[in-house]
Amino acid sequence: MTAVERPAPPPVRTHKANRTWVGKSIRKVEDPKFLRGRGGYIADLVRPGMLHAAVLRSPHASARVRSLDLAPALGLPGVHAALSCEDVDFLDAVAGFPGAGVAAVAADSIEQARAAV
Amino acid sequence: MKDLHPVTLTVNGREYTLAVEPCRLLVDVLRDDFGLTGTHIGCEHGVCGTCTVLLDGASIRSCITLAVQADGSEIRTVEGLADGAALHPLQEEFWDKQGLQCGYCTPGMLLRACELLEQTPDPTAEQVREGIASNLCRCTGYQYIVEAVLAAAPRMREGRRTPAETPTETTGAQT
């Protein structure tokens, strides 16, 4: 039987200061853009013809929407659409927490949308 | 006819003059009219602090401030913190100490910390915690933010910048 010559194992680096990556705090490459305010979030997107949305939110801890009249909102200037839970599933007929969305409006400007909810 | 009011704002040293409706919020003017989307909108009612900007050096919630109220004032936003390529000491330390993850609270947090260190140049950890209690962060658990502010304090006191130590910025995807 022939003895196999093995390469010497790499030195075990136990001291933290000798480590290259493990245990080191690494600066994240994407952080500078966030720190400079150039993160680029969905709310920062601008598109031609884009409308702005505002959501009517329930002030109640637990409540059921009995009726909702969207007509007054639709009659306001700049308003393109007013939606309830009958139109989209992100709005609730049963508002289970304060802040649950019950109606939403899309308008030319954010101010018009807020005024309509 | 819409009721428009002339407003002059100096934002990060640049003067803007525009006519605004009285209902326009300062944060919307900064973001939509000036394109300074670094100032974020969170709760929209002055609780979360992400819309914090400095108005004549004092932190305010730009989501509950009307643009007409800010007429004639100097405003500093997150875009005005860095000196060209050199990050502000607070930005550097937030980066180094992992003081951000998603980055959404960061602009408001930086400006509030900036004001805090102007008022209290050598704060204790407790004072930093109290000072940033106005700003919510759902990622970091605050510990690394406190460490970043404490690390930035001596650098701001000495007013020194160390551009040589600044690693090269990697430009990420931008809108």
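**Exercise 1. Describe where Tyr142(B) sits and what its backbone angle shows.**

Solution. Tyr142(B) is found in the loop that runs between α4 (125–131) and α5 (143–158) of chain B, where helices (H or I, at least four residues) and strands (E, at least two) are DSSP runs, numbered from the N terminus. As a next step, consider phi: Tyr142(B) has a positive value of about 75° although it is not a glycine. Most residues other than glycine have a negative phi. Glu44(B) also has a positive phi, near 65°, and its place is in the loop between α1 (26–33) and β3 of chain B.

These values come from a predicted model, in which local features need pLDDT of at least 70 and side-chain atom pairs count only at pLDDT 80 or more, while totals for chains, interfaces and linings use all residues. Residues are numbered from 1 along each chain as its sequence is written, chains are lettered from A in the order in which they are written, and side-chain values use heavy atoms, with hydrogens and water left out.

**Exercise 2. Decide how far chain B can be read in detail, using its pLDDT.**

Solution. The term pLDDT is the predictor's confidence in each residue, from 0 to 100. For chain B the mean pLDDT is 92, and 90% of its residues reach 70 or more. Over residues 169–175 of chain B, however, the pLDDT is below 50. Where pLDDT is low, the predicted coordinates should not be read in detail. For the complex, the predictor gives an ipTM of 0.87 and a pTM of 0.82.

**Exercise 3. Characterise the interface of chain A and chain B by its contacts, its buried area and its residues.**

Solution. Begin with contacts, meaning heavy atoms within 4.5 Å: 23 residues of chain A are in contact with 37 residues of chain B. Then take the buried area, which is the accessible area (1.4 Å probe) that two parts lose on being put together, summed over both; here this area is about 2700 Å², of which carbon and sulfur atoms give 47%. On the side of chain A, Arg27(A), Leu35(A) and Arg36(A) lose the most area to chain B, together 32% of what that side buries.

**Exercise 4. Explain which parts of the two chains are joined by the salt bridge of Glu92(B) and Arg27(A), and compare the burial of the partners.**

Solution. A salt bridge is a side-chain nitrogen of Lys or Arg within 4 Å of a carboxyl oxygen of Asp or Glu, and the rule finds six of them across the interface of chain A and chain B. In the pair of Glu92(B) and Arg27(A), the closest N and O atoms are 3.7 Å apart. Glu92(B) belongs to helix α2 (residues 89–96) of chain B and Arg27(A) to the segment before α1 of chain A, so the pair joins two chains. For burial, under 20% relative accessible area counts as buried, over 50% as exposed, and in between as partly exposed (1.4 Å probe, protein chains only). Glu92(B) is buried because its relative accessible area is 3%, whereas Arg27(A), with 21%, is partly exposed.

**Exercise 5. Repeat the analysis for Asp28(B) and Arg114(A).**

Solution. The closest N and O atoms of this salt bridge are 2.8 Å apart. Asp28(B) lies in helix α1 of chain B and Arg114(A) in helix α3 of chain A, so this pair joins two chains. Asp28(B) counts as buried at 3% relative accessibility, while Arg114(A), with a relative accessible area of 25%, is partly exposed.

Terms used:
Ala, Val, Leu, Ile, Met, Phe, Trp, Tyr, Cys and Pro count as nonpolar, Asp, Glu, Lys and Arg as charged, and the others, Gly among them, as polar.
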